[in-house]
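Me: I'd like a close look at one part of this model, the way its helices pack and what surrounds them. Could you walk me through it in one go?

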Amino acid sequence: MSPDIPDQVRKTVMADGNECWLDELPGVVDSLAQEWSLTIGSSLAGGHAALVVEVTLADGTPAVLKIGVPGRDLGHEAMVLRLANGGGCAKLLGEDVGRQALLLERLGAPMYDIVADPSNRHDLLCEVAVRMWRPIGPDIGLPTGAELAEQYAHRLPELWEQAGRPCSPATVADALNCMNRRRLAHDDRSSVLVHGDIHEMNALQASDGSYKLIDPAGLRAEPACDLGTIVRCNPGLDDDLWARTERLASRTRVDATAIWEWGTIHRVVSGVYACSIGFQPFGDLLLAEADRLTA
Ligand SMILES: Nc1ncnc2c1ncn2[C@@H]1O[C@H](COP(=O)(O)OP(=O)(O)O)[C@@H](O)[C@H]1O
Ligand SMILES: [Mg+2]
């Protein structure tokens, strides 16, 4: 049975001129289903750069099959999930890097749909992050937090121009300062496995009621990098972001200034990027918040 391709995935593939991938997909799904003895179910919406399909293993275990669109390399995601080994993340049940395919533990609804109170969600995201973090050595081939900060510093000014200068120059300068400080603060000895995009739609409920993360970007970085994305969550909530930062710091014993600086980095980069692709109102809300903080 060939799965439906969600509109958003189809759009990404067509926009990149890769229609032939859509034609080949049913054959790829069929051959993976044979190799891994899977029964194919329905597609899941919500992704944009991968087809995600519910599947069932031969022994009845529910799982999902994720196949990246052309140009999407799932190698880092596979590496992160292998290293985490089910701790705080969906368990990796199989991988076929050549076909950009991952077989993952099937999880349930996103935290966003289950937990109504935003500060409870931030606490739960913090808990799941702690479960995922673990020391990893410099031999692990994931980008470092320093490399991410450097790459962002290189791209932000240009992206800001391209997006039509959607926030104040002071906000860009503030973000660049934070990138510089976090780049210099990187230390291989205290770096851990970092998810890189922790938010309430990337934390899904597991069968035991706990939450597990999906869709890791994968970094070797300071834990503050992951807590910074939690500070970026829910722009427009109007809570005191410094209080949110201190709460995350006290729950994890991570330095509040480092969390705050990563929060600034993620807020401004995501805001400018979201504005550049018209992902609204998220982009405008993030940058309004950023401009308020730098005013
Ligand atoms: N392990 C999983 N269990 C259940 N649903 C999942 C799982 N992984 C992904 N999904 C669903 O598929 C959607 C897209 O997956 P995601 O990994 O975020 O794709 P993308 O890399 O394209 O963003 C998610 O928002 C979620 O609804
Ligand atoms: Mg995703």
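At roughly what angle do the axes of helix 8 and helix 9 cross, and within what distance do they come? Start there and work outwards through the helices.

Reply: Sure. Keep in mind that this is a predicted model.

The axes of helix 8 and helix 9 (residues 241–252) cross at roughly 145° and come within 10 Å. The crossing is right-handed. On the helix 8 side, the residues that make the contact are Leu227, Ile230, Val231 and Arg232. Their partners in helix 9 are Leu241, Arg244, Thr245, Leu248 and Thr252. A bit of textbook background helps when reading lists like these: an α-helix has 3.6 residues a turn, so residues three or four places apart point the same way.

Helix 8 (224–232) also leads us to helix 6, since helix 8 is part of what covers the buried residues there. Helix 6 covers residues 145–162. The other elements that cover those buried residues include helix 7, strand 9 (219–221) and helix 10. As for what is being covered, the buried residues of helix 6 are Gly145, Ala146, Leu148, Ala149, Tyr152, Leu156, Leu159 and Trp160.

One of those, Leu156, is also where helix 6 bends, by about 35°. A proline, Pro157, follows within four residues. You might want to check the helix length against that bend. At 1.5 Å a residue, the 18 residues should span 26 Å, and the end C-alpha atoms are 25 Å apart, which agrees. After the helix comes Gly164, with a positive phi near 80°.

Not every residue of helix 6 is tucked away. Glu150 lies in this helix and is partly exposed, with a relative accessible area of 48%. For a feel of the scale, take Glu150 and Leu38: they are 112 residues apart along the chain, and their C-alpha atoms are separated by 42 Å.

Now to helix 7 and helix 10, both of which help cover helix 6. Helix 7 is residues 169–185 and helix 10 is residues 256–276; their axes come within 9 Å and cross at roughly 130°. That angle makes helix 7 oblique to helix 10. The crossing of this pair is left-handed, whereas the crossing of helix 8 and helix 9 is right-handed.

The contact list for this pair goes like this. Helix 7 brings Thr171, Asp174, Ala175, Cys178, Met179, Arg181 and Arg182. Helix 10 brings Ala258, Glu261, Trp262, Thr264, Ile265, Val268 and Val269.

Glu261 deserves a second glance. This glutamate sits in helix 10 and is buried, with a relative accessible area of 6%. Leaving aside residues up to four places away in sequence, Glu261 touches Cys178, Arg181 and Arg182. Those three also appear among the helix 7 residues that meet helix 10.

Following the chain past each of these helices takes us into loops. Asp187 is in the loop between helix 7 and strand 6 (192–194). With 24% relative accessibility, Asp187 counts as partly exposed. Asp187 and Ile5 are 182 residues apart in sequence, and 43 Å apart in space from C-alpha to C-alpha. The loop between helix 10 and helix 11 (282–294) holds Pro281. The peptide bond from Gln280 to Pro281 is cis, with omega near 10°.

For a comparison elsewhere in the chain, look at helix 2. Here too there is a bend with a proline in the picture: helix 2 bends by about 40° at Leu25, and Pro26 follows within four residues. Its 17 residues (19–35) should span 24 Å at 1.5 Å a residue; the end C-alpha atoms are 25 Å apart, which agrees. Leu25 is buried, as are Trp21, Leu22, Val29, Leu32 and Ala33. What covers these buried residues includes helix 1 (7–15), strand 1 (39–44), strand 2 (50–56), strand 3 (62–68), strand 4 (92–96) and strand 5 (101–105).

Two backbone oddities finish the tour. Ser37 follows helix 2 and lies in the loop between that helix and strand 1. Ser37 has a positive phi of about 50° although it is not a glycine, and at 40% relative accessibility it counts as partly exposed. Asn85 has a positive phi of about 50° too, and is not a glycine either. Asn85 belongs to the loop between helix 3 (75–84) and strand 4, and with a relative accessible area of 52% Asn85 is exposed.

Methods. Residues are numbered from 1 along each chain as its sequence is written. Chains are lettered from A and ligands numbered from 1 in the order in which they are written. This is a predicted model: local features need pLDDT of at least 70, side-chain atom pairs count only at pLDDT 80 or more; totals for chains, interfaces and linings use all residues. Side-chain values use heavy atoms; hydrogens and water are left out. The expected span of a helix is 1.5 Å times one less than its number of residues. The bend at a residue is the angle between axes fitted to the seven residues ending there and the seven starting there. Buried means under 20% relative accessible area, exposed over 50%, partly exposed in between (1.4 Å probe, protein chains only). Contact means heavy atoms within 4.5 Å. Axes are lines fitted to C-alpha atoms, for helices over the stretch in contact, and angles run from 0 to 180 degrees between N-to-C directions. Angles under 35 degrees count as roughly parallel, over 145 as roughly antiparallel, 65 to 115 as roughly perpendicular and the rest as oblique. A crossing is left-handed if the near helix is turned anticlockwise from the far one by less than a right angle, and right-handed if clockwise.
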